[in-house]
Amino acid sequence: MSFLRPETLVFCLLSNDPLRREYELDLLRELRDKKIGYLVGIAEEGEVAAHFDQVIPAIAPHIEDALRTPYEIVAAQLLGYHLSLLSGLNPDNPSPDGVINRVVQGVTIHLPEPQGSVISGR
């Protein structure tokens, strides 16, 4: 919350787990009370819609979170992609000066010693 402003986009994907969702709704209420963030949610129209400034209809609102995520995350990824382009950024090269790389560099892979092998003194 420390870096949010009233116009900051806060993109929300709500859990189907009832306990998790209560915590998420508490956070949304707090943001709303403090008047920070423009809240966009992927959710069903209905009871939770009042928590958001904008609702993107959920594609698979009633299946468990682990199965739902691949369907729901596409909207957030496309939004990030297009906002990057509008901001003059290149999503395929987020660090033109090479500070950030797609592949981890400088890491040595250390293999474990084989278990159960006995070295003979012969």
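This is a short chat about a predicted model of a protein.

User: What secondary structure does the protein have?

Analyst: The model is predicted. Its secondary structure comes to two helices and three strands.

User: In which order do the elements run from the N terminus?

Analyst: From the N terminus on, the order is β-α-β-β-α.

User: How does the radius of gyration of the protein stand against that of a compact globule?

Analyst: The protein has a radius of gyration of 22 Å, whereas a compact globule of 122 residues would have one near 14 Å. The C-alpha trace spans about 80 × 40 × 30 Å along its principal axes.

User: What percentage of the residues is buried?

Analyst: Buried residues make up 22% of the 122 residues. The protein exposes about 9700 Å², and carbon and sulfur atoms supply 58% of that area.

User: And the contacts, what share links residues 24 or more positions apart?

Analyst: Taking the contacts with a separation of 6 or more, 49% of them are between residues 24 or more positions apart.

User: How many positive and negative charges are there?

Analyst: There are 10 positive and 17 negative charges, and the mean positions of the two sets are 4 Å apart.

User: Let's pick a residue. Where is Ser 15?

Analyst: Ser 15 sits in the loop between β1, residues 9-13, and α1, residues 18-34.

User: Is Ser 15 buried or exposed?

Analyst: Ser 15 counts as buried because its relative accessible area is 5%, and the cut-off for buried is under 20%.

User: What does the side chain of Ser 15 make a polar contact with?

Analyst: One partner is the side chain of Asp 65, at 2.4 Å. In addition, a polar atom of the Ser 15 side chain lies 3.0 Å from the backbone nitrogen of Asp 17.

User: Which residues is Ser 15 in contact with, leaving aside neighbours within four places in sequence?

Analyst: Those are Arg 20, Arg 21, Glu 24, Asp 65 and Arg 68.

User: Glu 24 is on that list. Where is its place?

Analyst: Glu 24 is in helix α1. With neighbours within four places in sequence left aside, Glu 24 is in contact with Leu 13, Leu 14 and Ser 15. The C-alpha atoms of Glu 24 and Leu 14 are separated by 6.9 Å, and the two residues are 10 apart along the chain.

User: Why does Glu 24 count as partly exposed?

Analyst: Because its relative accessibility is 23%, which falls between the limits of 20% for buried and 50% for exposed.

User: What about Leu 28, which element does it lie in?

Analyst: Leu 28 lies in helix α1. Leu 28 is buried, with a relative accessible area of 4%.

User: What does Leu 28 touch, not counting residues up to four places away in sequence?

Analyst: Leu 28 touches Cys 12, Leu 14, Leu 39, His 51 and Phe 52. Phe 52 is 24 residues from Leu 28 in sequence, and their C-alpha atoms are 8.1 Å apart in space.

User: New topic. What is unusual about the phi of Lys 35, given that it is not a glycine?

Analyst: Lys 35 has a positive phi, about 55°. Lys 35 is found in the loop between α1 and β2, where β2 covers residues 38-43. Lys 35 is exposed, with a relative accessible area of 64%.

User: Now the other helix. Where in it is Ile 73?

Analyst: Ile 73 has its place in helix α2, which covers residues 65-86. Ile 73 is partly exposed, at 30% relative accessibility. Ile 73 and Leu 13 are 60 residues apart in sequence, and their C-alpha atoms are 8.3 Å apart in space.

User: Which segment is Ser 95 in?

Analyst: Ser 95 is in the segment after α2, and so is Pro 96.

User: Are Ser 95 and Pro 96 buried or exposed?

Analyst: Ser 95 is buried, with a relative accessible area of 7%, whereas Pro 96 is exposed, with 70%. The side chains of Ser 95 and Asp 97 are joined by a polar contact of 2.9 Å.

User: How far apart are the C-alpha atoms of Pro 96 and Glu 22?

Analyst: They are separated by 41 Å, with the residues 74 apart along the chain.

Technical notes. Residues numbered from 1 in each chain as written. Heavy atoms only, no water. Helix = DSSP H or I, 4+ residues; strand = E, 2+ residues; numbered from the N terminus. Buried < 20%, exposed > 50% of the residue type's maximum accessible area, 1.4 Å probe, protein only. Polar contact = N/O pair within 3.5 Å; in protein donor to acceptor, adjacent residues only side chain to side chain. Contact = heavy atoms within 4.5 Å. Rg over C-alpha atoms; globule rule 2.2 N^0.38 Å. Areas by Shrake-Rupley, 256 points an atom, 1.4 Å probe, with all protein chains shown as cover. Lys, Arg positive; Asp, Glu negative; His and termini not counted. Charge placed at Lys NZ, Arg CZ, Asp CG, Glu CD.
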